[in-house]
Amino acid sequence: MKKLFNRRRFLKATSLAGASVLLGDKELKASSLATGQETEPAQGKPIVISTWDFGVAANAEAWKILKAGGRALDAVEMGARVPESDLSNQSVGKGGLPDRDGIVTLDACIMDEKGNCGSVAGLEDIEHAISVARKVMENTPHVMLVGDGARQFALSQGFKKEKLLTPKSEAAWKKWLIKSEYKPVINSENGLPSMPGDSKNHDTIGILALDAAGNLSGACTTSGMAYKLHGRVGDSPIIGAGLYVDNEVGAVAATGVGEEVVRSVGSFLVVELMRQGLNPENACREAVKRIMEKKPELTKNIQVGFIALNKKGEYGAFAIQTGFSFAVCDNNDQKLLVKSKSAIR
Ligand code: SD4
């Protein structure tokens with residue numbers, strides 16, 4: 001896959017100030033991210049932001065569409081397809097870690113500027129869950145299809161049946177099976193324990209774009225929590241939880257322990273907080289704070305993060321744990337931002 005820029009140049013780092021902005025091999029301190037002040041508005045439109053390190057490659061693909069004046073909806077779909085095809089990541093699409101029965105099941109949703117949305121949950125055998133979600137949105141009167149119904153629908157729409165479990169993910173699952181410890185602890189970026197059998201048990205791509213016409217769209221896709229119960233659905237395919245877009249206000253996506261995001265209707269909450277006047281960073285922070293306050297004992301060990309993009313092209317993010325990265329791409333540059341210590345505690 002051709003990349004606009006080399007991921008290796010985006011050496012991860014965190015700063016005491018709160019976050020490091022990494023531009024090629026140059027590191028700039030971004031203290032505004034720690035203090036909760038507004039991130040610098042993007043200079044001109046369009047812009048795309050997405051979760052985690054793999055957001056850099058996803059943004060690059062989305063950017064090809066945005067820079068040519070294309071639609072945000074197309075940009076987020078094409079961006080989300082990149083990690084879905086990337087076999088080196090084990091948390092999205094093909095190559096994702098399976099559930100505890102050894103079955104890879106995908107969750108995804110997409111939402112456009114008109115409030116149209118589509119979603120699939122527990123999808124098996126199809127690589128590009130995000131594109132199936134878009135077909136649900138465009139070619140059915142429904143919002144969500146699950147399990148075998150979603151698979152049948154995808155096949156009827158011409159999607160190819162594929163084996164999603166790669167030898168690498170199968171090996172990790174077999175290692176996990178030895179102890180079969182069901183401990184859905186989602187984190188690994190800050191040294192807290194992760195799922196036995198693999199070093200990384202999560203990472204959803206949430207990708208949000210604002211196009212040249214001033215329209216917002218978003219997409220979210222994942223293989224979900226590793227070794228989950230078969231049939232478990234996380235936040236990622238649930239409109240309002242894993243993703244929400246309101247073209248008058250902004251777009252938001254979530255990552256981390258889906259159960260906590262569903263309980264707080266997280267992405268919808270962040271959009272509503274922006275509607276009340278909070279900037280993207282502070283809206284994400286407030287939503288994270290509410291999750292943490294409800295379960296202080298739990299939030300020591302789990303990760304939940306949000307990214308947000310408002311109608312003006314301003315963006316922000318916040319997460320419970322250190323080390324949450326998100327990628328930003330606009331006319332000026334592409335960068336990976338890494339969140340440092342939570343400023344809430
Ligand atoms: C889930 N939210 O299935 C997803 C997993 C994830 O970062 O995002 N991890 O709960």
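**Exercise 1. Find which residues of helix α4 are buried, then work out how enclosed the helix is.**

Step 1. Start with the list: in α4, the buried residues are A129, I130, S131, V132, A133, R134, V136 and M137. Keep in mind as you look that this is a predicted model.

Step 2. Put the list beside the length of the helix. α4 covers residues 129–139, and eight of its 11 residues are buried, so the rest of the structure largely encloses it.

Step 3. Now look for the neighbours. The buried residues of α4 pack against the helices α3 (72–85) and α5 (147–156) and against the strands β4 (106–111), β5 (117–123), β6 (144–146) and β8 (216–222).

**Exercise 2. Describe how covered strand β7 is, and name its partner strands.**

Step 1. Count first. Six of the six residues of β7 are buried, so this strand is largely enclosed by the rest of the structure.

Step 2. Take the two faces in turn. One side carries I205, I207 and A209, the other carries G206, L208 and L210, and all of these are buried.

Step 3. Look for the partners. Strand β3 (residues 47–51) pairs with β7 in the antiparallel sense over four bridges; one bridge pair to find on screen is V48 with A209. β7 is also joined to β8 by six bridges, again antiparallel, and here G206 has C220 as its bridge partner.

Step 4. Finish at the turn. The hairpin of β7 and β8 has five residues between the strands, and G214 takes a positive phi near 85° there.

**Exercise 3. Follow I207 into the nonpolar core: which residues does I207 touch?**

Step 1. Place I207 in the core. The largest nonpolar core has 86 residues, and V120, I207 and F306 touch the most other members.

Step 2. Set aside the neighbours of I207 within four places in sequence. The contacts that remain include V48, I49, A58, A62, V76, A80 and A219.

Step 3. Look for a separate group. Another core, of six residues, lies apart from the largest one, and L97, A172, W176 and A226 are among its members.

**Exercise 4. Decide whether T204 is buried or exposed, and find what surrounds this residue.**

Step 1. Locate T204. This residue sits in the loop between α6 (167–179) and β7 (205–210). An unreviewed UniProt entry lists T204 under "active site".

Step 2. Compare accessibility with the cut-off. Buried means under 20% relative accessible area. T204 has 6% relative accessibility, so it counts as buried.

Step 3. List the company. Beyond four places in sequence, T204 is in contact with T51, W52, F54, V92, C220, T221, T222, S236, A254 and T255.

**Exercise 5. Do the same for R100, a residue in the loop between α3 and β4.**

Step 1. R100 has a relative accessible area of 32%, so it is partly exposed.

Step 2. Check a pair that is distant in sequence. R100 and Y182 are 82 residues apart along the chain, and their C-alpha atoms are separated by 8.5 Å.

Step 3. Y182 is one of the contacts of R100 beyond four places in sequence; W173, W176, L177, Y227, K228 and L229 are the others.

**Exercise 6. Work out the strand order of the sheet that contains β9, and place two helices on the sheet.**

Step 1. The sheet is open, with four antiparallel strands in the order β9-β10-β11-β12.

Step 2. Look at the edges. β9 (243–246) and β12 (315–319) each have a single partner strand, so one side of each is left without a neighbour in the sheet. On average, neighbouring strands are turned by 10° against each other, direction ignored.

Step 3. Zoom in on one pair. Five bridges join β11 (residues 304–310) to β12, with A308 and G316 as bridge partners.

Step 4. Add the helices. α9 (residues 280–294) packs on the sheet, touching β11 and β12, and its direction makes about 20° with that of β12. α8 (residues 266–275) lies across β9, β10 (250–256) and β11, running at about 145° to β10.

Step 5. Check the cover on α8. Seven of its 10 residues are buried, and what covers them includes β9, β10, α7 (258–263), α9 and β11. Just after α8, G277 takes a positive phi of about 115°.

Methods
Residues are numbered from 1 along each chain as its sequence is written. This is a predicted model: local features need pLDDT of at least 70, side-chain atom pairs count only at pLDDT 80 or more; totals for chains, interfaces and linings use all residues. Side-chain values use heavy atoms; hydrogens and water are left out. Two strands pair if DSSP finds at least two bridges between them. Axes are lines fitted to C-alpha atoms, for helices over the stretch in contact, and angles run from 0 to 180 degrees between N-to-C directions. Contact means heavy atoms within 4.5 Å. A nonpolar core is a set of buried Ala, Val, Leu, Ile, Met, Phe, Trp, Tyr and Cys residues joined through side-chain atoms within 4.5 Å. Buried means under 20% relative accessible area, exposed over 50%, partly exposed in between (1.4 Å probe, protein chains only). UniProt positions are given in the numbering used here, feature names are shortened, and annotations may be inferred rather than shown by experiment.
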